[in-house]
Amino acid sequence: MSELLPSYVGGRWYTAPDEGTPLFSAVDGSEVARISATGLDVGHMVDYARTVGGPALARLTFHERAAALKALGSALMGGKEEFYALSAATGATARDSAVDIDGGIGTVLSYASKTRRELPNDTVYLDGPVERLGKKGTFFGQHIYTSRRGVAVQINAFNFPVWGFLEKLAPAFIAGVPSIIKPASQTAYLTELVVRRIIESGLLPEGSVQLLCGSAQGLLDHLSGQDSVAFTGSADTAALLRAHPTVVSEGVHFNAEADSLNASILGPDVTVDSLEFELYIKQLTYEMTAKAGQKCTAIRRALVPEALVDQVVAATAARLSKVVVGAPGAEGVTMGALAGLDQREEVRNAVRGLTKSARIVFGDPDTVEVVGADATTGAFLSPILLRADRDAAEPHEIEAFGPVSTIIGYRDTADAVELAARGKGSLVASVVTANTAVAGELILGIAAYHGRILVLNNEDAKESTGHGSPLPVLVHGGPGRAGGGEELGGIRGVLHQMQRTAVQGSPNVLTAVGRRWVTGAERLTGEVHPFRKNLAELRLGDTIVGGPRRVTLDDIAHFAEFTGDTFYAHTDPAAAAANPLFGGIVAHGYLVVSLAAGLFVDPAPGPVLANFGVDNLRFLTPVKADDELTVTLTAKQITPRNSADYGEVRWDATVTNQDEQSVATYDVLTLVAKPQGESA
C-alpha cells in the first residue's frame with residue numbers, strides 16, 4: 001500500500017489516521033498514493049492563517065513579498081526535474097508538464113517582477129488620483145487598497161496540479177493574504193510534492209501557505225466576509241459552493257472559473273492555400289491534444305466558413321492521424337493519458353451526448369492504439385473530431401473535457417458571432433484572419449461573451465503564446481457559463497484579494513494614510529536643500545521654492561533656434577497674435593520645464609543620482625515674454641528599493657507666474673541614494 005498524502009496544517013504536517021482512498025496512475029493504473037483528511041481540524045487551519053499567516057504577511061511590504069516570491073520561483077525552477085518525474089503519473093507528457101510546472105513557476109516570477117515595477121514599497125496601494133471634495137482645498141477623497149484580514153481558500157482542478165495553485169497563490173501572497181490550498185484528489189500527489197518543497201525552502205512566512213489533501217468538508221463553515229474562495233472546476237460544483245450558506249450569509253468573496261465551450265473562428269477571408277489556414281489547423285490540433293485536451297481553455301468549437309468545412313475536416317483529420325498516444329516518455333508519444341479511468345468515462349459519455357447532433361469524423365472513443373502502455377489499464381483516449389450543422393444544439397451545451405472538438409460551419413461574420421455567443425460565456429476565443437477589418441468586427445461582436453480573445457495571423461504567429469495559454473499579465477476568466485470570475489491580469493489579480501476603501505479627509509490626513517503627499521498638505525522648508533538629503537533623511541512634504549525667473553523674447557528665440565522647434569506660436573508674431581489661444585508669442589512648454597529645473601536643481605554632487613522621468617505633465621497657462629516663473633518642488637512619494645543602494649523619489653512640481661496662476665504641473669522622478677553603509 002502506498003503512502004498517505006499529508007496535509008500541512010498549523011505549522012506541521014498532518015497525516016490522517018485511516019488508510020485513505022487510493023490514487024491511481026493515469027498511465028498504468030498502479031497506486032501512486034492515498035488521500036484522506038480524516039480528523040483534520042479545518043477550523044484550526046482558518047484560525048492559524050488569520051492569526052499567524054496574516055500578521056506575518058502584514059509586516060512585509062509589497063516589495064518584500066515580491067522578493068520572497070522571486071527567491072521561491074528560482075528555488076522551484078532549480079528543482080523542477082522531480083516535479084516532471086512525478087507529473088508523468090498524471091498522464092502528462094514532457095510538453096504537458098512544461099505547461100503546468102514551468103507555467104506555474106513562471107507565473108510566480110512574473111508576479112514578483114510586476115510587483116517591484118508597479119506597486120510601492122509599502123502595504124497600501126493608492127487607486128487613482130485624489131478627488132477634491134470642497135471648494136477651499138481642505139477636504140479630499142482618496143481610494144486605497146489594503147490587505148483583507150482573512151484567508152484565501154483556493155480549490156483547484158485536477159488538470160493543472162502545479163500551475164492551478166501557484167497562479168492563485170502568487171497574487172494572494174502579494175496582496176498580503178494567507179492561502180489554504182485544496183488540490184483535486186486525482187492529482188494531489190504532485191501538488192503535495194511542490195508544496196512540500198515550498199515549506200522546506202523556508203522562503204515564505206509561516207502560516208502564509210497551508211495544504212489540505214482530502215475532503216474539505218466543513219472548511220467553508222468557518223469563513224467570514226474577510227475571506228475569499230477561488231474555485232476552478234465544474235459549473236455544477238461552482239453553483240453549490242456559491243450557494244453555501246456561509247458564503248451567502250457572510251458575504252464571502254467568491255470567484256469561479258468553470259466550464260467553457262471555447263471557440264476558434266476561421267476568418268471568411270482565409271483560403272485553403274493561405275498561411276492562416278495552416279495556422280488554424282495547427283492550433284486546433286494542438287489545443288485538442290495538449291494535456292490530452294484537459295484544459296479549461298481548449299478549443300471545443302471550431303467555427304469555420306461553410307465553404308471550408310470539408311477542407312478543415314480533412315486537414316485536421318490528417319494532422320490528428322500523426323498523433324501518437326501513449327505513455328509519457330515512450331518513444332514517439334505526442335499525447336498522454338487523461339487523469340484517470342473515471343475521467344475517460346466522463347469524456348466518452350460527453351461524446352455520446354455530442355453525437356445526438358454531430359457525427360464523428362476522426363477517432364473512436366472506444367478504441368485507441370497505445371504506445372508504451374496498456375490501453376485497458378491506462379486512461380488513454382483517441383483524439384475525437386466531430387462535425388455538426390450550425391443548428392445543432394449539443395456542441396454549444398456539452399463540454400467533453402478531453403481531446404475532443406467539433407467543427408461547425410457559419411454563413412457570415414454575423415453568424416459566427418451568434419454561434420460563438422451560444423456558448424453562453426467562455427474563457428477564451430481565437431480569431432484566425434489576415435484581415436484587420438474582419439478581426440475588428442469579430443472581436444467587438446464576441447467580446448461581451450469572452451474573458452480573452454486571441455487574434456492569430458502571419459504577423460504574430462511566431463511570437464503568439466497560443467489560444468489556450470493563460471498569461472499572468474492578462475485576465476483569466478469569463479462571463480456566464482465560464483463562471484463569471486476573473487483571475488490573474490497582472491496587478492489586477494492582486495487587487496482582487498484586497499479591500500478598496502474610499503477615505504475622506506484633509507490633505508494632511510490623506511498624506512499620512514496613503515504615504516503620498518497631497519496638495520494642500522503641510523510643506524516642510526528649511527535651510528537644507530532637499531537634494532542634499534539622502535533617502536533616509538527625506539520626508540514627505542520636503543519643499544524647495546525657486547524663482548522668480550523672468551522669461552524674455554531672447555530666451556524664446558534661442559530655445560527655438562537651439563532645439564529646432566520653430567512652431568509659429570514661438571517665432572511668428574503676426575501668426576501667434578492671430579491664434580485665439582495665445583494672442584502673441586509664447587514660450588515653449590519645454591522651455592518652461594527647463595527653466596523650472598534650473599530653479600530647483602542643486603548642481604553639486606550629492607544624494608540625488610539621476611532624474612529618470614516626468615509624469616503627468618500638463619501646461620495650463622501660456623507663458624509670454626516678461627512673465628516671471630516660480631517653481632515649488634515637494635517630495636511627494638518615497639519608495640526605497642530593497643535590491644539597490646538607492647530608492648525612488650517622486651516630486652510634485654508646480655510652476656506659477658507672477659499672478660500666481662499655475663503654468664505647468666508635473667511629477668519629477670528621481671533616484672536618491674540611501675545613507676552610506678546602509679545595506680541594499
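Where is D626 found? I looked: D626 is in the loop between β26 (608-619) and β27 (628-640). I should jot down up front that this is a predicted model.

**D626, continued**
I checked the backbone of D626 next. Phi comes out near 80°, a positive value in a residue other than glycine. Is D626 buried or exposed? D626 is exposed, since its relative accessible area is 51% and the cut-off for exposed is over 50%.

**K291**
I then went to another non-glycine with a positive phi, K291, where the angle is about 55°. K291 also belongs to a loop, in this case the one between α9 (275-289) and β14 (301-305). I wanted its accessibility too: K291 has 6% relative accessibility, so I put it down as buried.

**The cis peptide bond**
Which peptide bond is cis, with omega near 5°? I found it going from G547 to P548. I traced P548 to strand β25, which covers residues 543-550.

**α9 against α10**
Since K291 had taken me to the loop after α9, I had a look at how α9 packs on helix α10 (residues 309-320). I get an angle of about 50° for the pair, and the axes are 10 Å apart. The two helices are therefore oblique to each other. I noted the crossing of α9 and α10 as right-handed.

Which residues meet there? On the α9 side I listed F277, Y280, I281, K282, L284, T285, M288 and T289. On the α10 side I have Q311, V312, A315, T316, R319 and L320. Sorted by class, this contact has 8 nonpolar, 4 polar and 2 charged residues.

**T289**
I picked T289 out of that list for a closer look; its place is in helix α9. T289 has a relative accessible area of 6%, so I call it buried. What does T289 touch, leaving out residues up to four places away in sequence? I wrote down R95, L320, V323, M335 and P383. L320 is one of the α10 residues I had already listed in the contact with α9.

**Cysteines**
How many disulfides does the structure hold? I count 0. As a reminder to myself, a disulfide is a covalent bond between the sulfur atoms of two cysteines. I looked up the accessibility of two cysteines while I was there. C213 is buried, with a relative accessible area of 0%. C296 is buried as well, at 10%.

**F567 and K70**
I found F567 in the loop between α16 (553-563) and α17 (568-571). F567 has 43% relative accessibility, so it goes down as partly exposed. I also took the distance from F567 to K70: C-alpha to C-alpha, they are 50 Å apart in space, with their positions 497 residues apart in sequence.

**Whole chain**
Last, I stepped back to the protein chain, which has 19 helices and 29 strands. I get a C-alpha trace that spans about 90 × 65 × 45 Å along its principal axes. What share of the 680 residues counts as buried? I have 54%. I also checked contacts with a separation of 6 or more: residues 24 or more positions apart account for 73% of them.

Key:
Residues are numbered from 1 along each chain as its sequence is written. This is a predicted model: local features need pLDDT of at least 70, side-chain atom pairs count only at pLDDT 80 or more; totals for chains, interfaces and linings use all residues. Side-chain values use heavy atoms; hydrogens and water are left out. Helices (H or I, at least four residues) and strands (E, at least two) are DSSP runs, numbered from the N terminus. Buried means under 20% relative accessible area, exposed over 50%, partly exposed in between (1.4 Å probe, protein chains only). A disulfide is a pair of cysteine sulfur atoms within 2.5 Å. Axes are lines fitted to C-alpha atoms, for helices over the stretch in contact, and angles run from 0 to 180 degrees between N-to-C directions. Angles under 35 degrees count as roughly parallel, over 145 as roughly antiparallel, 65 to 115 as roughly perpendicular and the rest as oblique. A crossing is left-handed if the near helix is turned anticlockwise from the far one by less than a right angle, and right-handed if clockwise. Contact means heavy atoms within 4.5 Å. Ala, Val, Leu, Ile, Met, Phe, Trp, Tyr, Cys and Pro count as nonpolar, Asp, Glu, Lys and Arg as charged, and the others, Gly among them, as polar.
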